[in-house]
Amino acid sequence: MILKEKSILVGRSFIYWRIVQVLFGLIGLGIFLFLIFIPDIGIHAFWNVLIPIAPALLVVATGLWRNICPLASISLISRHLGFSNNKKLKVKQQAKLQLISVVLLFMIIPLRHTLFNTNGPATAILIGVTILFAVVLSFKYDWKSAWCSGLCPIHPVEKLYGRKSLFELPNAHCSSCVNCVSVCPDSTTNIHPLYKKKKKFNQRISGTLMIGGFPGFIWGWFHVQDYYNGEGWQYLLSTYVYPFAAMTITLVLFITMKKTFAKKYENVIINLFATAAVSLYYWYRLPALFGFGLFPSDGMLVDLSNSMPSWFPSILQISTTIFFIWWLNINKKQTTSWLLRPPYDKQNKSIVNIIT
Ligand code: SF4
């Protein structure tokens with residue numbers, strides 16, 4: 001009786017999640033069409049509203065993002081409708097995908113200055129190609145193994161920032177767990193880019209690059225301007241040199257700290273680097289959104305530079321940095337997983353060993 005009531009509740013919650021997923025899918029489609037047909041609005045909506053919200057959302061509610069991400073919802077349609085191939089990925093293949101996703105992240109972001117930040121149709125093509133990869137991979141491989149927890153270039157950022165979720169939500173995609181990925185990032189407490197006792201070589205490289213390199217990469221990225229009308233191709237080298245040079249410095253610092261302070265302080269060090277990365281992002285991004293950026297007009301949503309006092313950006317910078325220091329390091333909140341693991345699929349032979 002209780003079980004029946006529980007399954008009715010879960011069923012109802014799935015319906016609500018589907019409604020929210022469809023809504024976000026429609027918002028995503030709207031932005032995509034704006035990028036093509038009215039690029040000025042599309043660029044603001046995508047690069048100056050959606051993307052600046054994302055890092056904070058990943059810090060406080062990674063699971064919410066995992067449930068409503070339009071790309072995840074589109075890519076998993078084949079699995080929901082029961083016509084995907086559900087192929088299992090080997091741990092080695094997963095590690096390879098995770099390394100490629102980190103490389104993609106570092107290679108694509110600098111191109112925002114060269115092309116994407118100022119070109120709506122180019123951004124639409126980038127999104128279109130990403131959707132294609134996500135759909136094909138999720139059609140071929142089981143649940144989130146190949147895309148959402150594999151090749152998606154946002155996934156390494158989720159694992160770095162998603163250290164303390166505000167709440168543990170139900171998993172709005174997986175109705176039962178088939179252990180599609182080892183280790184499941186959604187259902188594992190204290191997940192981070194270097195999580196896993198027996199790490200594959202590729203996982204060690206991708207995790208180290210992500211944690212150690214990301215703060216410097218962000219700092220360097222904000223010291224490059226946006227280019228218009230294709231002139232950015234002439235400055236491609238410097239567009240990459242700044243973020244990669246700064247990334248090398250923080251990477252060396254991370255490796256040194258990790259070696260010096262040993263395993264005992266690994267979590268503390270990871271939290272510090274996650275804090276540095278997300279704080280640096282908002283340190284530069286929030287002033288730029290309101291017309292106080294290093295390069296006026298780059299990434300500006302609304303120009304408040306003439307109507308707000310000169311200390312306004314400092315208030316934004318200091319308050320966000322204090323918040324992230326507190327949330328990721330001082331806050332006593334128990335670390336939880338991003339989402340609740342659904343019941344294991346007992347029909348699936350490959351997981352019988354896990355649940356017995
Ligand atoms: S909950 Fe299970 S099926 Fe869903 S992504 Fe995690 S491991 Fe895969």
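Of the 14 residues around the ligand, those that come nearest are Lys144, Cys174, Cys177, Cys180 and Cys184. The shell is made up of 8 nonpolar, 3 polar and 3 charged residues. The model described here is a predicted one.

**Helices H11 and H12**

The spans of two helices can be set against the expected rise of 1.5 Å a residue.

| Helix | Residues | Number of residues | Expected span | Distance between end C-alpha atoms |
|---|---|---|---|---|
| H11 | 201-221 | 21 residues | 30 Å | 28 Å |
| H12 | 236-261 | 26 residues | 38 Å | 38 Å |

For H11, the end C-alpha atoms are 28 Å apart where 30 Å is expected, which agrees. H11 nevertheless bends by about 50 degrees at Gly213, and the proline Pro215 follows within four residues. Because 16 of its 21 residues are buried, H11 is largely enclosed by the rest of the structure.

For H12, the end-to-end distance of 38 Å agrees with the expected 38 Å. The buried residues of H12 are Thr239, Tyr240, Pro243, Ala246, Met247, Thr250, Leu251 and Phe254. An α-helix has 3.6 residues a turn, so residues three or four places apart point the same way. The buried residues of H12 pack against three helices: H7 (111-114), H11 and H13 (266-289).

**Pro156 in helix H10**

Pro156 belongs to helix H10, which covers residues 155-161. Pro156 counts as buried because 24 other C-beta atoms lie within 10 Å, the threshold being 20 or more. Leaving aside neighbours within four places in sequence, the contacts of Pro156 are Ser101, Val102, Leu105, Pro193, Ser206 and Met210. One of these partners, Leu105, is 51 residues away from Pro156 along the chain, yet their C-alpha atoms are separated by 8.5 Å. Ser206 and Met210, also in contact with Pro156, fall within the range 201-221 of H11.

**Ala277 in helix H13**

Ala277 is part of helix H13. Ala277 is likewise buried, with 24 other C-beta atoms within 10 Å. Not counting residues up to four places away in sequence, Ala277 touches Leu160, Phe214, Pro215 and Ile218. Among these, Pro215 is the proline that follows the bend of H11 at Gly213. Leu160, another residue that Ala277 touches, falls within the range 155-161 of H10.

The position of Ala277 can also be related to the ligand shell. Ala277 and Cys177 are 100 residues apart in sequence, and their C-alpha atoms are 32 Å apart in space. Cys177 is one of the residues that come nearest to the ligand.

Note on methods: Residues numbered from 1 in each chain as written. Predicted model: local features only at pLDDT ≥ 70, side-chain atom pairs only at ≥ 80, totals over all residues. Near = placed C-beta within 6 Å. Nonpolar A, V, L, I, M, F, W, Y, C, P; charged D, E, K, R; others polar. Helix = DSSP H or I, 4+ residues; strand = E, 2+ residues; numbered from the N terminus. Expected span 1.5 Å × (residues − 1). Bend = angle between axes of the 7 residues up to and from the residue. Buried ≥ 20, exposed ≤ 12 C-beta atoms within 10 Å, placed from the backbone. Contact = placed C-beta atoms within 7 Å.
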